[in-house]
There are 2 protein chains.
Amino acid sequence: MINVAIKYSRQRQEIKNFLMTRKDHPTADVVYMNVRQQFPNISLGTVYRNLTLLADMGEITRLRLGDGVDHFDADTSPHYHFICSKCGQVIDLKMNNIDSIVDIAGMDFNGEIQGHITYFYGICGDCRETVTQ
Amino acid sequence: MINVAIKYSRQRQEIKNFLMTRKDHPTADVVYMNVRQQFPNISLGTVYRNLTLLADMGEITRLRLGDGVDHFDADTSPHYHFICSKCGQVIDLKMNNIDSIVDIAGMDFNGEIQGHITYFYGICGDCRETVTQ
DNA sequence: CTAAAATCAGTAATCATTACTGATTTGGGG
DNA sequence: CCCCAAATCAGTAATGATTACTGATTTTAG
């Protein structure tokens, strides 16, 4: 029997639990800081390894928003993100899917387009207030 | 007089010239390899510094496609890119702009959306042929 | 032609992430 | 309930892209 056992360690549980409590798409380092409150001896390598594992299993999503650090999201439903150019915070956008652009993109292309990555940037509400005042 | 002189060194000239001859969005390392044929003593740091300078001046575009390396494009006109999940090559897509999605994204958002980044992924024509055979 | 400022080559430092290693934990079978 | 092979861990070293520093060289306005 081919048994690719996945042993769900307490550390991995806690990492996923923590991610599920957050809507701000933390980085590996933020996850590490917080999970350490439950597991003081957890290693940053363990955090990275489990984030990668969870992402590969499809239980979380890895976000690459071009700011040099990976962000992670426990909400795996398809949705879009906004990243503030000033403070760097990542916010969910409430908008419908635009998968149709994949068809548009594929019209004059000889390869196979499987999907698209889209994110938006600008100044978030908090930072705009600060600037105005 | 406030004179923020920009001295256009031969190295910077050559880096931009090289980029203009290429349509495949090279990485800093590829630029380095090639420019070294004209300037054998050029330093990788010089390549990085000038690529960043040129991008800041708007003469080239820096592409962050989530593959862990920055790509550079001398074509600064707005257009979209496809990155092959198999071989990693980056290809220009011939499609119209979809800036209208910025309006859609901003409809239920209290910040200021200034733009969007979109790229497509899948299997390029070359790799698809290889698989089929 | 001169000199201040920009730029360079070379190298060291940074930073996020991944890989390695020997010890510990997990969970299915007995 | 216990055993043990496999998975996972903590700790640490390595990697790889990019940036920062430094003293020498190049550029260009005057």
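How many nonpolar, polar and charged residues does the surface near DNA strand D have? In this predicted model, that surface has twelve nonpolar, twelve polar and six charged residues. Around DNA strand D there are 30 residues. Those that come nearest are Ser9(A), Gln11(A) and Thr46(A), together with Gly45(B) and Asp70(B). Both protein chains are thus represented among the nearest residues. At least two residues of this surface come from each of three helices: H1 of chain A, H3 of chain A and H3 of chain B. H3(A) gives the most, with five residues.

The surface near DNA strand C was examined in turn. Here 29 residues surround the strand. Gly45(A), Asp70(A), Ser9(B), Gly45(B) and Thr46(B) come nearest. By class, eleven of the residues near DNA strand C are nonpolar, twelve are polar and six are charged. Three helices each supply at least two residues of this surface: H3 (44–57) of chain A, H1 (10–20) of chain B and H3 (44–57) of chain B. The largest share is that of H3(B), at five residues.

Contact between the two protein chains takes 32 residues from chain B and 32 residues from chain A. On the side of chain B, four elements each supply at least two residues. They are strand S3 (80–84), helix H4 (100–106), strand S5 (112–123) and helix H5 (125–132). S5(B) gives the most, with twelve residues. The side of chain B that touches chain A has 18 nonpolar, nine polar and five charged residues. Strand pairing also crosses between the chains. S5 of chain A (residues 112–123) is joined to S5(B) by eleven bridges, and the two strands run antiparallel. One of the pairs is Gly122(A), whose bridge partner in S5(B) is Ile113(B).

Within chain A, two domains are assigned: domain 1 (9–76) and domain 2 (78–133). Their centres, taken over C-alpha atoms, are separated by 22 Å. Eight residues from domain 1 of chain A and eight residues from domain 2 of chain A make up the contact. On the side of domain 1 that touches domain 2, two residues are nonpolar, two are polar and four are charged.

Helix H1 of chain A (residues 10–20) has a buried side and an exposed side. Its buried residues are Glu14(A), Ile15(A) and Leu19(A). Seen down the axis of H1(A), these residues fall within an arc of 135°, so they line one face of the helix. The cover over them includes helix H2 (28–35), H3 and S2 of chain A. Arg10(A), Gln13(A), Asn17(A) and Met20(A) are exposed, on the face of H1(A) turned away from the buried side.

Strand S2 of chain A (residues 70–73) also takes part in a hairpin. Four bridges join S2(A) to strand S1 of chain A (residues 61–64), and the strands run antiparallel. Thr61(A) has Asp73(A) as its bridge partner in S2(A). Five residues lie between S1(A) and S2(A). In the turn, Gly66(A) has a positive phi of about 80°.

Positive phi values also arise outside glycine. Most residues other than glycine have a negative phi. Against this background, phi of His25(A) is near 55°, a positive value. His25(A) lies in the loop between H1 and H2 of chain A. Why does His25(A) count as buried? His25(A) has 22 C-beta neighbours inside 10 Å, and a residue is buried if that number is 20 or more. In chain B, His25(B) likewise has a positive phi of about 55° although it is not a glycine. The loop that holds His25(B) runs between H1 and helix H2 (28–35) of chain B. His25(B) also counts as buried, with 22 C-beta neighbours inside 10 Å.

A further loop position in chain B is Gly88(B), between S3 and strand S4 (90–93). Gly88(B) is partly exposed, because 14 other C-beta atoms lie within 10 Å. Beyond its neighbours within four places in sequence, Gly88(B) is in contact with Asp67(B) and Ile83(B). Gly88(B) and Asn41(B) are 47 residues apart in sequence. In space, C-alpha to C-alpha, 29 Å separate Gly88(B) from Asn41(B).

Terms used: Residues are numbered from 1 along each chain as its sequence is written. Chains are lettered from A and ligands numbered from 1 in the order in which they are written. This is a predicted model: local features need pLDDT of at least 70, side-chain atom pairs count only at pLDDT 80 or more; totals for chains, interfaces and linings use all residues. Two strands pair if DSSP finds at least two bridges between them. A residue is near a molecule or strand if its C-beta atom, placed from the backbone, lies within 6 Å of it. Ala, Val, Leu, Ile, Met, Phe, Trp, Tyr, Cys and Pro count as nonpolar, Asp, Glu, Lys and Arg as charged, and the others, Gly among them, as polar. A residue is buried if 20 or more other C-beta atoms lie within 10 Å of its own, exposed if 12 or fewer, and partly exposed in between; C-beta atoms are placed from the backbone. The arc is that of the directions from the helix axis to the C-beta atoms. Two residues are in contact if their C-beta atoms, placed from the backbone, lie within 7 Å. Domain bounds come from an automatic or database domain assignment.
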